[in-house]
Amino acid sequence: MPASPSKTAQDQKPAFVFKGTIKRLKSATMKGVPVDERTVVVTVNQIIEAPPALADYNGQDITVQLGGRQKVRVGQELIFHTTSWIFGDSIAVRSLTEEPVTYRSAAMLSAADDPVERRAQREKRDRFDAADLVVSGKVVAVRLPAGTAKRSGAASLDASDRAPGGPVSEHDPKWREAVIQVDEVHKGSHKKKQVVLRFPASKDVMWYGAPKFHPGQQGFFMLHKSKIEKPKAKRGRKQPRKGVVEEAAVADSEVGITEAYTALDQTDFQPYNEPGGVKTIIDSESLKPKG
Amino acid sequence: MPAKKTTKKAKGVTSGAKGKKTVKKPAKSTAKKKSATGGLVMSPGVLVVNMIPRSRSGEHNQDSEPNLAVDPAAPLNMVGSAFTPDPGGGPNAPIYFSTDGGNSWKLNSIVPGNGTFGTGDITVRFSPSHTLYAGILRGDVSLRMNILRTANFTSSTPMTVLLSRDNVDQPYIQAARVTIGAVKKDVVFNGDNDFNSVPKTATINHTTDAQVAAPVFKTTRIDSRVPSGVDAPSIRPAIHSNGTVYGVFLHRLSASGSVRRYDVVVVRDDHFGTGAAPFTALHDPTDALSGRRVALNRLIPWLMPGLGQERTGSSLTIAVDPTNSKIVYIAWADRVGTTDYTLHVRVSKDSGVNWSSDCLTVTNATNPALAVNSVGKIGFLYQQLTGTTLATQRWVTHLRRSTDGVSWSDLVLARTSASTPVRTFFPYIGDYNHLLTVGKDFYGIFSASNFPDPANFPNGVKYQRNANFATHKLFNIDGATEVPVSIDPFFFKVTELT
């Protein structure tokens with residue numbers, strides 16, 4: 001079975017950063033929220049970074065569960081680094097840290113960036129940093145992984161079953177391989193003209209969010225080495241021919257797990273015609289002094 | 001976006017909060033009256049609530065495959081679940097919770113492992129100790145099962161991981177507080193499909209002391225026969241307070257693509273699974289092996305989609321009568337003709353030894369859920385696809401009830417479009433939903449289209465999110481920006497008056 005993390009937990013990473021003024025102590029903006037010494041009502045003055053669901057709370061009162069131990073007072077203005085907590089008639093967030101509004105934070109506050117875009121860009125930056133290989137190029141073929149092709153020869157990409165008995169779980173990923181003709185390598189090392197990535201063709205809830213690839217797609221690919229199930233070769237049959245493309249690593253035949261490049265996060269592929277995002281990161285990387 | 005003072009609300013928009021100082025009191029009765037929010041008349045004894053909170057009025061996720069827990073010792077406290085992502089995109093997925101008997105709901109992100117669509121499969125259950133347990137597949141790692149616990153479902157502290165195991169599918173949890181050796185303890189039984197024991201994958205992980213810091217879980221493979229490949233994903237336990245625990249699963253006989261054949265098998269344990277060979281108390285008269293085969297060689301099509309926009313393949317439920325552990329009901333789905341997906345309800349009145357023929361048969365329906373109340377009345381929740389073309393097809397959510405398993409009442413909770421919205425992923429409305437009882441009352445949850453139309457909810461409905469039932473439109477929190485129709489979870493309570 002697949003064992004590839006589709007996304008690692010981002011523990012203690014703030015999702016909603018804003019400047020706000022403490023309005024009430026030991027209070028909440030809605031019923032049902034547990035209130036203690038560290039629960040306060042805060043007026044949001046300026047959103048710095050936010051997911052779409054929290055992007056429109058400028059000027060609104062929300063509940064904040066303070067994270068630090070510092071004492072706060074009504075009227076105090078702070079920058080809150082928070083994660084989501086309770087959504088009801090109003091919202092409550094959990095603060096990881098609070099910091100005073102200082103000269104150091106002025107640049108962050110004065111930037112005119114869209115808070116949602118700023119967060120999205122940070123997430124793309126995180127994925128870029130975590131990627132083992134970043135290339136730009138074109139998908140030239142999509143195929144079944146070697147060993148899963150049907151006995152009749154040509155692999156049907158619509159086949160819902162990998163094995164004669166079919167998938168054992170409704171969450172079967174239905175792995176496919178996309179062959180990418182590489183235009184340029186932006187991160188990592190790759191000397192071949194092509195690279196293969198595995199992607200789940202499944203429309204199950206577990207895999208739907210992962211990018212699906214088809215021939216002709218062009219753009220930037222952030223590739224991550226992942227451990228995934230290795231199709232077991234059938235006894236007495238010819239082993240899959242070693243192709244012209246380079247696999248990420250050699251399979252571990254004992255445990256049936258192999259390592260392959262994947263692009264499982266929605267942000268791992270960006271078409272050429274989409275502005276910003278990975279392009280901006282690549283540009284900024286190229287400006288960094290070498291060595 | 002929260003309503004701003006300068007924002008003019010669209011005429012006729014209803015919402016859960018009319019103003020900051022409005023304090024809603026929990027409804028004392030669900031007798032016919034104007035709903036505070038949905039503007040629809042509720043039938044006597046019936047409460048149906050769209051669980052999306054008002055602050056999430058702008059969401060249009062496919063919040064499918066719901067589950068529900070009601071604290072038996074404090075039934076105003078409830079927790080629901082669905083494929084709902086954390087709105088903040090944080091590391092924890094949300095539960096839905098209510099502290100007013102299901103009249104209002106909030107999200108609390110405390111389930112470890114938020115993914116693109118929240119957690120993976122999730123089921124939730126309360127013990128009367130007020131402890132909430134959950135069986136989940138994490139949303140951030142493929143097929144990693146966690147069994148979770150919290151003593152405070154409104155707190156911001158993530159649920160504690162009691163058990164973590166990889167390569168496991170569809171955890172379905174049950175919990176109870178029982179007396180073992182004169183001591184009250186929480187017992188937890190979690191049915192799951194464990195691919196670490198192929199081919200006998202049908203498994204129950206169980207503990208008789210779930211409240212200790214690090215509970216010890218026993219893993220019992222409940223299929224005594226050798227299946228072809230693996231067992232089906234749905235493995236369901238049912239607990240009786242006298243020590244009887246039933247399990248039901250689908251033993252695979254053969255598989256060729258989407259055409260699969262299964263036996264429906266019931267197992268039983270009489271001592272909360274504490275013996276040397278748990279779940280072997282019930283034997284089949286034909287082969288003498290443990291596990292009574294209730295139905296043999298049934299064709300169960302694995303189709304995506306197989307019923308409207310929904311997939312088919314593993315629909316199963318079990319319930320034991322709390323007044324008599326010998327009475328146990330099961331329901332499953334299979335194909336009896338050429339294109340159908342048919343639900344069958346059967347009952348045993350001798351602890352699973354002998355079984356009735358179908359006491360209820362429903363064609364083209366899924367998501368069966370059974371529960372028996374404190375006076376032995378059986379409830380059966382399911383969702384039936386009606387209509388012949390995609391444009392006319394409806395998902396009709398029924399609650400059938402019976403005191404004798406022969407005569408059944410029929411309460412239609414929802415009759416919603418099966419074509420709108422267009423499916424985002426499988427499952428469209430869910431591979432399961434849930435029904436339970438506290439005392440005589442039935443509580444349940446289902447997912448369906450949230451298109452705001454009184455005709456879709458013949459016994460009334462209450463929306464927290466902004467909706468206009470006259471114009472059939474959904475609005476964002478500003479009350480003006482239209483929001484597309486999506487799949488939402490709906491809570492219901494049916495009060496038994498007699």
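Reader: Where is B:Pro427 found in chain B?
Author: This is a predicted model, so everything here is computed from it. A cis peptide bond joins B:Phe426 and B:Pro427, with omega at about 0 degrees. As for its place in the chain, B:Pro427 is in the loop between β27 (409-417) and β28 (434-438) of chain B.

Reader: OK, and B:Pro305, which element is that one in?
Author: The bond leading into B:Pro305 comes from B:Met304, and that bond is cis too, with omega near 0 degrees. Most peptide bonds are trans, by the way. The element that holds B:Pro305 is strand β18 (residues 303-307) of chain B.

Reader: What about phi at A:Lys26, positive or negative?
Author: Most residues other than glycine have a negative phi. A:Lys26 sits in the loop between β1 (16-25) and β2 (39-49) of chain A. Its phi is near 45 degrees, and the sign is positive.

Reader: And what is phi of B:His130?
Author: Look in the loop between β6 (122-126) and β7 (132-137) of chain B, where B:His130 is found. Here too you have a residue other than glycine with a positive value, and phi is near 75 degrees.

Reader: Switching to helices: are α2(A) and α3(A) parallel or oblique to each other?
Author: Helix α2 (residues 115-130) and helix α3 (residues 278-287), both of chain A, pack with their axes 9 Å apart. The angle is about 60 degrees. Angles under 35 degrees would count as roughly parallel, and 65 to 115 as roughly perpendicular. That's why α2(A) and α3(A) come out as oblique.

Reader: Which residues of α2(A) meet α3(A)?
Author: The crossing of the two helices is right-handed. On the α3(A) side you'll find A:Val278, A:Thr280, A:Ile281, A:Ile282, A:Ser284 and A:Glu285. The contact residues divide into four nonpolar, three polar and three charged. From α2(A), the ones you want are A:Gln121, A:Lys124, A:Arg125 and A:Phe128.

Reader: Now the empty space: how much lies in the largest cavity?
Author: The structure holds seven cavities of 30 Å³ or more. For the largest cavity, the space comes to about 80 Å³.

Reader: Which element gives the largest share of that cavity's lining?
Author: Chain A puts in A:Thr83, A:Ser84, A:Trp85 and A:Arg94, while from chain B come B:Asp86, B:Gly90, B:Pro91, B:Asn92, B:Ser109 and B:Ser156. By type, the lining has two nonpolar, six polar and two charged residues. The largest share is three residues, and they come from strand β4 (residues 77-87) of chain A.

Key
Residues numbered from 1 in each chain as written. Chains lettered and ligands numbered in written order. Predicted model: local features only at pLDDT ≥ 70, side-chain atom pairs only at ≥ 80, totals over all residues. Heavy atoms only, no water. 1 Å grid on protein atoms, 1.4 Å probe; cavity = no way out; pocket = protein on both sides within 12 Å on 5 of 7 lines; lining within 4 Å. Points joined across faces, edges and corners; volume = space filled by probe spheres on them. Helix = DSSP H or I, 4+ residues; strand = E, 2+ residues; numbered from the N terminus. Nonpolar A, V, L, I, M, F, W, Y, C, P; charged D, E, K, R; others polar. Axes fitted to C-alpha atoms, helices over the stretch in contact; angles between N-to-C directions. Parallel < 35°, antiparallel > 145°, perpendicular 65-115°, else oblique. Left-handed = near helix turned anticlockwise from the far one by under 90°. Contact = heavy atoms within 4.5 Å.
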